Amino acid sequence: MGARRIFRALLRGAGWFLLGTILLAGLYTSALMLWVPRDPAVDRAEPLRITRATATPGEATILFAGDTAEIDAALPTLKEE
């Protein structure tokens, strides 16, 4: 009886700890989602337009959508240039 009682007490304590952790994480996430400072000037601003230099004959522009780290699959292409 004693071991079973201790085991139940440990499980109850672990359950309360887990529940408290989940509730604290939910409270933190809710606070971050609700507190979003808005800047009206940014909301009214036009989208930023980025221009690039005109292409020159014999050259190509390579665009990579994502990471171009040394471990990336783009490395052989980058080494050729």
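## Overall picture

Only 1% of the protein's 81 residues are buried (buried means under 20% relative accessible area, exposed over 50%, and partly exposed in between, with a 1.4 Å probe and protein chains only). This is a predicted model, where local features need pLDDT of at least 70, side-chain atom pairs count only at pLDDT 80 or more, and totals for chains, interfaces and linings use all residues. Residues are numbered from 1 along each chain as its sequence is written, and side-chain values use heavy atoms, leaving out hydrogens and water.

You'll find three helices and zero strands here, in the order α-α-α along the sequence. Helices (H or I, at least four residues) and strands (E, at least two) are DSSP runs numbered from the N terminus.

## Confidence

The average pLDDT (the predictor's confidence in each residue, from 0 to 100) is 80, and 79% of the residues score at least 70. Helix 1 does best, with a mean of 93, while helix 3 (residues 75-80) has the lowest, at 71.

## Helix 1

The end C-alpha atoms of helix 1 sit 48 Å apart, which agrees with the 48 Å expected for 33 residues at 1.5 Å a residue; that expected span is 1.5 Å times one less than the number of residues. As for cover, zero of those 33 residues are buried.

Leucine 23 belongs to helix 1 (residues 2-34) and counts as exposed because its relative accessibility is 55%.
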